[in-house]
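Q: Please take a close look at one part of this model. I will name the part once the structure is up.

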Amino acid sequence: MSDLALRRARRPGRGGAPAAPAAAPIVPGMEGGRYQPLTRPEMERIHGLVLRLLEDLGLSQITPSLERRAVAAGCRVDDNGRLRFPRALVEDVIARTRRRFTLHGIDPAHDLEIGARRVHTGTGGAAPTIMDFETGSYRESTVADLYDIARLVDRLDNIHWYHRSVVARDTDTILDLDINTTYACLSGTAKSIAVSYTDGNSVRAVQPMLDIVAGGEGRFRERPFCTAVCCHVVPPMRFATDSCDALEAAVLAGMPILLVAAGQAGATAPAALAGAVAQSCAEVLAGLVLCNIIDPDCRGIFAAWPFVSDLRTGAMSGGSGEQALLSAACAQMAGFYDLPNSVPAGMTDSKLPDAQAGGEKGYTIALAAHAGASMIHECAGMLGSLMGTALESYVLDNDLLGAILRSVKGVEVSGDALDFEVIREVVLGAGHYLGHPQTFARMKTDYLYPEIADRRSIGAWQEAGARDARAVARDRVRRILADHYPDHIAESTDARLRERYNIVLPRWRMRPGNGVW
């Protein structure tokens, strides 16, 4: 039995994955899809171009191993060395690939059902810098930062998974980077994790680590709680050799695969937004076809992630209105294919968790959620066009995500919600609804209350010190990081991992009272 299973068995009332109350204001996986920036004929036109790109242009630089598999399945390599995908093969894969699956948490309490326009929100990114919590200046990010962010995410209910959001710059080799990233994510949260693996060697290297945490050899495959993030293409329309090697290894290991195509409109993708959507969809479908050739039962996530360039400078503009439209359109195309999917949103260009950040995050995430994205990545914590992060941003964004998810839930129209007698009783009686039983019943089922946003009067706020949301969020960061050191991995198991791998994070740094927080 795994360490986690033993701990859960000893905790009363924690048998199995606890279902959220049916009447809770928000739960993971509420259905979106009401916002539709594209019409049905427009989606069909985009799909037509997608098929033509794959069949008549194809992608270059396929690895020899994947080329052999693809050609055996019906693809062909043209005179320019480009792998062409027959329309019939692409449409067959779209028709038969998995449409729903469980994205497992390390703890089953955090399992997520992915697909069917169920909306989930979580982290993502690969920021090389983090705003130092004490000095306020950006510095290189470390393994300890990865672990601290994971601990925060573990306590923030509206962040549903932890996809590593910073790059550990204090590792010596690429292999050490991937191993230590996996270790820090696993140790810091019991939610589902995701790691961008550099190549197949890294995937194979972490397999024993995942099995050890899962409870023994082969156990990870039964409940795969770590997703491999594969940027399998270098846009436009080229395969990324190392990432394709990682893709093949990850599928063979039974890992869920986030298939990312992240062209930049006006640079590595067409400046026309519809063209950028089409190219990205084609690049992702190329990866999905390969995954299904390797394993028809693979857990592939359609991650069309076209980004926006500020065409005046060429700089990325993740907080733009155009980015909001691109991500929503890609979510809608994934819905057109009925595929589990991911889009990026919340990638503010602001360097601080300020008004610009809040505005850009708000409209980009809201459009993606209402377009029905299965998974919205990079929507918590990221700053500076994905180049930085700040701890308090995760707490602030958790509040924002809650409000957006509440808007996804929508307005209930039911007999109880439209009750003539309730209105008649109040009109002919007290003249207000404050003490009515319906009000008491609905206050926790229909209404979501923020943890950080301040709703007091101006006078009460001033008397309490006139603190802004960032200051309040920083207090919560301190409280969480001072006390919350997850123990789902036993010390004996951790010792086995340290004996096998070059773990950079000191064990003393993972205990309360370490002097850091």
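Is Arg139 buried or partly exposed, and what is the relative accessible area of Arg139? Please go on from there to the salt bridges and their surroundings.

A: This is a predicted model. Arg139 has a relative accessible area of 31%, so Arg139 is partly exposed. The partner of Arg139 in a salt bridge is Asp132. Their closest N and O atoms lie 2.8 Å apart. Asp132 has a relative accessibility of 18%. Buried means under 20%, so Asp132 counts as buried. The bridge therefore pairs a buried acid, Asp132, with a partly exposed base, Arg139.

That pair belongs to a wider set: the structure holds 32 salt bridges.

Take Arg219 and Glu222. Their side chains form a salt bridge, with 3.2 Å from N to O. Both residues sit in helix α8, which covers residues 219-222. They are three residues apart, about one turn of the helix. Arg219 is partly exposed, at 31% relative accessibility. Glu222 reaches 52%. The cut-off for exposed is over 50%, so Glu222 counts as exposed.

Now take a bridge between two helices. The side chains of Arg470 and Glu392 meet at 2.9 Å, N to O. Arg470 belongs to helix α17 (residues 469-483), and Glu392 belongs to helix α13 (residues 391-409), so this salt bridge ties together parts that are 78 residues apart in sequence. Arg470 is partly exposed, with 25% relative accessibility. Glu392 is buried, at 2%.

Salt bridges can also share partners. Glu491, Asp494, Arg498, Arg507 and Arg511 are joined into one network in this way.

Next, the strands. Strand β1 (residues 30-31) and strand β6 (residues 118-121) run antiparallel and are joined by two bridges. Glu31 has Arg118 of β6 as its bridge partner. β6 also pairs with strand β17 (residues 375-377), again over two bridges, but in the parallel sense. There, Thr121 has Ile376 of β17 as its bridge partner. Strand β6 thus pairs with β1 and with β17.

The surface also has a nonpolar part. Ile423, Val427, Leu428 and Tyr433 make a nonpolar surface patch of about 410 Å². Tyr433 lies in the loop between α14 (420-427) and α15 (437-442). With 36% relative accessibility, Tyr433 counts as partly exposed.

Finally, the whole chain. The protein chain has 18 helices and 19 strands. Its radius of gyration is 23 Å, close to the 24 Å that the globule rule gives for 517 residues, so the chain is as compact as a globular protein of that length. Along the principal axes, the C-alpha atoms fill a box of roughly 80 × 60 × 50 Å. Of the 517 residues, 56% count as buried. Contacts reach far along the sequence: among those between residues at least 6 apart, 76% join residues at least 24 apart. The chain exposes about 21,300 Å², and carbon and sulfur atoms supply 54% of that area.

Back to the starting point. Arg139 is partly exposed, and the salt bridge of Arg139 goes to Asp132, which is buried.

Notes. Residues numbered from 1 in each chain as written. Predicted model: local features only at pLDDT ≥ 70, side-chain atom pairs only at ≥ 80, totals over all residues. Heavy atoms only, no water. Patch = residues over 30% accessible without salt bridge, like charges linked within 9 Å, V, L, I, M, F, W, Y side chains within 5 Å. Areas by Shrake-Rupley, 256 points an atom, 1.4 Å probe, with all protein chains shown as cover. Salt bridge = Lys/Arg side-chain N within 4 Å of Asp/Glu carboxyl O. Helix = DSSP H or I, 4+ residues; strand = E, 2+ residues; numbered from the N terminus. Buried < 20%, exposed > 50% of the residue type's maximum accessible area, 1.4 Å probe, protein only. Rg over C-alpha atoms; globule rule 2.2 N^0.38 Å. Contact = heavy atoms within 4.5 Å. Pairing = 2+ DSSP bridges.
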